[in-house]
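Dear colleague,

Here is the structure I promised to pass on to you, and below it I have written down what was found, so that you can follow along with the sequence and the 3D view side by side.

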Amino acid sequence: MTSTDTRYPGDERRPGSNVDQATTAMRAADLDAPTAALPIQRPRARNVPPPPPPAPPATGIFRWLSPVLALVAVALLPVAAATTDLSALDGWGLAKVLSPVGWVALTCAVGACVAELRSPRPRIPMLGTATAVLILCSVGMPSVVEPVARFSTAWLLAGFTDAIAHDGIAPEGIDARFWWPAFFAQWAFFRDAGGATQLDSVLRWFPPVVVGVWTIGIYALARSMLGGSRAPWAAAWLFVGLNWVEQDYFSPQATGIVLMLTVLTFALGPLATRRTDAAGVPGWPFPHPEARRLPLLRRWLVSAMTPPNRPSLPPRQLLLIYFCAALCILAVIPEHQLTPFAIIGQLVVLAIVGRIRGRGLVLVAIVGLAVFFVISARLFWITQLGLLLGSGGGDALETGVADRLLGDTGQVAVKYLRIIVPGLTWALAIGGAWVYWRRKRDLVPIALAVVPMAFALQGYGGEVFLRIVLYGLPVLTILGADGLRALVRRNRSMEIVLAVGMVLLFPLLVLIRGGNDAYQVVYPQEVALARQVIHETPPGQEIVPLSNVGPYGVEGIDTHSMGSVVDGCAELANDPVRCIEAEAPDVLISFTSVEKQGVVLNGKKPGWSLEVIQQLVASGRYVLTYQDGFDAVLKKTVPDPVEPAPGG
């Protein structure tokens, strides 16, 4: 018997028998059967071309639907601006008076985004164009339908820029924001280099442009965290739709967010890495099966002390990225008070968990902040240690939430929506964090969104909660997009539900963002009036607004005082008779927005500002020099000199 014979119990091995034939057939089948280690490679016939690639999916109606909807949306915007009656603004803000054509334009913009995303072959240039149109029709709607930029703060910061452009240095003793002058100096340089004397057009179109830049950063972050070709765009749209905070006006905060997103994009993109042991096992230090488990504190210590792996990029590219990230960190330090702390907190979290090979960036940020703290802003921090050490908590909660729930029915409804939307954002992000954890076993993103909550301990004021929402929103929306993607993968019919939700989300955004437009809208004649009053008033005299709305500070920040601090009179309108008597400004200026603020926000009867003006004129202390509706200017009367008595 040879070594190739196969015997089975009870078989009779006879030449020509049925058993021998069956065995031979089984042996032949065994030889022809493929193995797992080495599959059979059958030779391909010569001169046979390879099979053609699969045909691309037909785009059909999607090829032209998205461009047509985007063009229709843009074409309708001038009609919306011409048919919107801003004089009818009340506590419900812009949403109530916006022309139906504006709502149609917004719906077409949303449709352009959805149509292109559902296309069998989404085109990146078309997705970018549709996103820009969506931003213009939602965030940029006030810039389209209102004649000039809104927000008195934007005009005031333009006045800060004007002061630096005139003097070349930041004036002292006027406003604490001059301790962080980088933004104002930057725009003063741009203004002088462009040969301009005013920034009115920049102020008007700054919000949609800067939100577009933010959206690019969100898309880049989502590409790094989520991957795919559709989910990053959904994350960018979700960020735009949930960004009701309105810190995108002409301000250092807006530029600070650009720099923060740039640093995060570097940290979670090309600089992202993992901490592994010598065998390449992620999540070090996990004990090997035969090793004794280390105590938890020791594992944390070993993990923190073990450097993460090097990123896979070439050294030259890494050096360039490190340089750009460090430059962004150093640029934001003299630009805004809180943004550097948010960046440092998030980089520290990434460094501790080993997600970035960039501990040097943390050192650069801390050293740069310390140098600025000691040299440039030392006098400010010495007198404001409460901001640094923390004096917030309950007071900040009361100032930022409870004290803002004032006004008529529209104002209260809008402000409750501003509380509900962040709650829903966090709920969506927590669901997305669970999906992200099941997919990647990673909770670092949700930790990045939690870091800004530490600002609640500071005494920054009521707007600190706006900063907390804003700093956490990029990561929250990306996690939310991951959760929505998982929902669609389970049930494809949910795409229609999400599209309808997007159609409802952006009108809600217009309602929330424009809720204060009754007293934040500015008109060209008011800007011209403020400039004329400033130019005609001798330097050194006080020009004080009846309330801190309107373009009262567009110029003259360094030449005309805006009043001193009187107890209980942060605004003269709080108690007009007492506050005006205590302050006694040389020039008193009032706008239509002052009247609307008192009516819709403070519950005053219509015409209250005119009654105050009449009382001042009747008292003989002020004379009315200009009035057009609710726009008015009053100047303090100068008593005639007393002539000495004869023989005296």
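Please keep in mind from the start that this is a predicted model. A good place to begin is strand 1 (residues 543-545), which pairs with strand 2 in the parallel sense over three bridges. Within that pairing, Pro545 stands opposite Ile589 of strand 2. If you follow the chain between these two strands you will meet helix 25 (residues 576-583), and together strand 1, helix 25 and strand 2 make a β-α-β unit that is right-handed.

Strand 2 also has a partner in strand 4 (residues 631-636), to which it is joined by four bridges, although here the two strands run antiparallel. Leu588, for instance, stands opposite Leu634 in strand 4. Are the residues on the two faces of strand 2 (residues 587-590) buried or exposed? Both faces are covered, since Val587 and Ile589 on one side are buried, and Leu588 and Ser590 on the other are buried as well.

Next come the cysteines. The structure holds one disulfide, and a disulfide, in general, is a covalent bond between the sulfur atoms of two cysteines. Here the bond is formed by Cys569 and Cys579, whose sulfur atoms lie 2.0 Å apart. Cys569 sits in the loop between strand 1 and helix 25 while Cys579 belongs to helix 25 itself, so the pair ties together parts that are 10 residues apart in sequence. The torsion about their S-S bond is about -80 degrees, and the disulfide is therefore left-handed. Both Cys569 and Cys579 are buried.

Why does Cys113 not form such a bond with Cys137? The closest cysteine sulfur to that of Cys113 is the one in Cys137, and at 9.4 Å it is too far away for a bond. Cys324 is a similar story to read through, because its closest cysteine sulfur, in Cys328, is 6.9 Å away, which is also too far for a bond. As for their surroundings, Cys113 is buried, with a relative accessible area of 0%, whereas Cys324 is partly exposed, with a relative accessible area of 28%.

Finally, please look at the surface, where Leu363, Val367, Val371, Val374 and Ile375 form a nonpolar patch with about 480 Å² of accessible area together. Val367, one of these residues, has its place in helix 15 (residues 359-375), and Val367 counts as partly exposed because its relative accessibility is 43%.

With best wishes

Technical notes
Residues numbered from 1 in each chain as written. Predicted model: local features only at pLDDT ≥ 70, side-chain atom pairs only at ≥ 80, totals over all residues. Heavy atoms only, no water. Patch = residues over 30% accessible without salt bridge, like charges linked within 9 Å, V, L, I, M, F, W, Y side chains within 5 Å. Areas by Shrake-Rupley, 256 points an atom, 1.4 Å probe, with all protein chains shown as cover. Salt bridge = Lys/Arg side-chain N within 4 Å of Asp/Glu carboxyl O. Buried < 20%, exposed > 50% of the residue type's maximum accessible area, 1.4 Å probe, protein only. Pairing = 2+ DSSP bridges. Right-handed = clockwise from strand over helix to strand, strands pointing away. Disulfide = S-S within 2.5 Å.
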